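Got your viewer open? Let's walk through this model stop by stop, picking a selection each time and looking at what is there.

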Amino acid sequence: VRFPEDLEDDNTTFNPEYSHQVFGDDEVAFGYKGLKILLYYIAGNLSTLFRIEYTSKVNERFDCVEADDVESKIREIIPPGFCTNTDDFVSLLEKEVNFKPFGMLLHTYSVHNEEAGEDITYQIYKADMTCPGFREYHERLQTFLMWFIETASFIDVDDERWNYFLVFEKYNKDGATLFATVGYMTVYNYYVYPDKTRPRVSQMLILPPFQGEGHGAQLLETVHRYYMSSPTVLDITAEDPSENYVKLRDFVLVKLCQDLLCFSPGKLMQGFSQEMVMEAQQKLKINKQHTRRVYEILRLRATDMGDAEQSRSYRLDVKRRLIGPYKKKQRELAKMRRCLRPEELTNQLNQIDLNMQHEQLEESFQQLVSDYRRVLERLAQA
């Protein structure tokens, strides 16, 4: 909500992707007709208005059942101090002009908005719990995780090893410049013996009204650039990354790596090398596993897949990596031959059908190439 009229505007409304963490696996609130759970957030500081509306509710006296206590379920995830009536909320909205982003400005960029017919400015900040007011703001911000990340959990903000990176949109209201929350990322700094850290991306969320505009890529690249300048950082990883995050990371890392000398077309055609691993880690804080994916994507770009020899060479190179888990199975099988009785061995062999392995390998390869091509298409448009 930026203006009072946004409260009545369905265009500013967005729905949760998940609600199982609040309402159980069936995602059902029992005992109501026409139930609406309304959560409004002021665009910048995320002050909250919470209301429940329904046309009717089961009555324990007549129906011998009790409706779910929806209010207490929501209260468990939103911090206290929220508004319950619109007038209080609108009076807080008038104070929004005093809200300023927390922490240190890292990056400013603009995105052209077709609807508005102009470029809109965005800024990325790094904050921590010492910033006045940030702790309370973060409590409100993290409530979105429950609705948009499938396995979300709240973090221990008293642990000083957390870093917070925030994206804001700058907008004008009555001649003043205001800020709206776009999204954020939390990163945990793990210790690596003897004197290094390994930042691990924990949570990342771009709010639905801003998705598909490139903010995730801007945020991830900014975070990488922030850590790249630190001599104590070994490399950057992610905790249990989603499929969408992996696609985003592929794009950002390829964009960062494509100008490194070790990824020149001539060197790509010679195969994956230790030089690539060293340079990507030292200059860009990218680990070996992610560097290998970057190499495969850039090599695909440098390969003429219409040329039988080049295409075959690329396919074999990628499949050699993909076959790792299958080779592990073969080694396990060799052990089984030594240890198992014949009837037990037959049972295990039935599970390791070589033809099926070849089919799965080819399927994995085709899926990878399809994903890689999407990354290259996005790169060509960037």
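**Stop 1: the annotated stretch**

Start by selecting residues 249-300: over this range the chain is 71% helix and 0% strand, and the C-alpha atoms at the two ends sit 17 Å apart. Keep in mind that you are looking at a predicted model. Why this range? An unreviewed UniProt entry annotates residues 249-300 as "domain: Histone acetyltransferase type B catalytic subunit C-terminal".

**Stop 2: the sheet**

Now switch to the strands. An open sheet is built from 6 strands, in the order β5-β6-β7-β8-β9-β10, and its pairing is mixed. Colour β5 (104-113) and β10 (237-238): these two stand at the edges with a single partner strand each, so one side of each has no neighbour in the sheet.

Stay with β5 for a moment. It runs antiparallel to β6 (residues 118-127), and 9 bridges join the two. For a landmark, click N113, which stands opposite E118 in β6.

**Stop 3: a hairpin**

Next, select residues 36-41 and 48-53. These are β2 and β3, an antiparallel pair held over 6 bridges. Here Y41 stands opposite T48 in β3. Between the strands of this hairpin there are 6 residues, and L46 takes a positive phi near 65 degrees.

**Stop 4: the cavity**

How many cavities of 30 Å³ or more does a search of the whole structure find? The search turns up 1, with a volume of about 30 Å³. To frame it, select H224, I236, T237, A238, Y245, R249 and H290, which line the cavity. The edge strand β10 is back here: β10 and α8 (243-257) each supply at least two residues of this lining. By class, the lining has 3 nonpolar, 3 polar and 1 charged residues.

**Stop 5: the second largest pocket**

Last stop. The second largest pocket holds about 1,400 Å³ of space. Its lining counts 41 residues, so many that a few anchors help: M204, S242, N244, Y245 and L248 lie nearest the centre. Y245 also lines the cavity from the previous stop. Which elements each supply at least two residues of this pocket's lining? They are β5, β9 (196-206), α7 (215-228), α8 and α15 (354-381). Colour the lining by class and you get 19 nonpolar, 12 polar and 10 charged residues.

How values were computed
Residues numbered from 1 in each chain as written. Predicted model: local features only at pLDDT ≥ 70, side-chain atom pairs only at ≥ 80, totals over all residues. Heavy atoms only, no water. Pairing = 2+ DSSP bridges. Helix = DSSP H or I, 4+ residues; strand = E, 2+ residues; numbered from the N terminus. 1 Å grid on protein atoms, 1.4 Å probe; cavity = no way out; pocket = protein on both sides within 12 Å on 5 of 7 lines; lining within 4 Å. Points joined across faces, edges and corners; volume = space filled by probe spheres on them. Nonpolar A, V, L, I, M, F, W, Y, C, P; charged D, E, K, R; others polar. UniProt positions renumbered as here; feature names shortened; annotations may be inferred.
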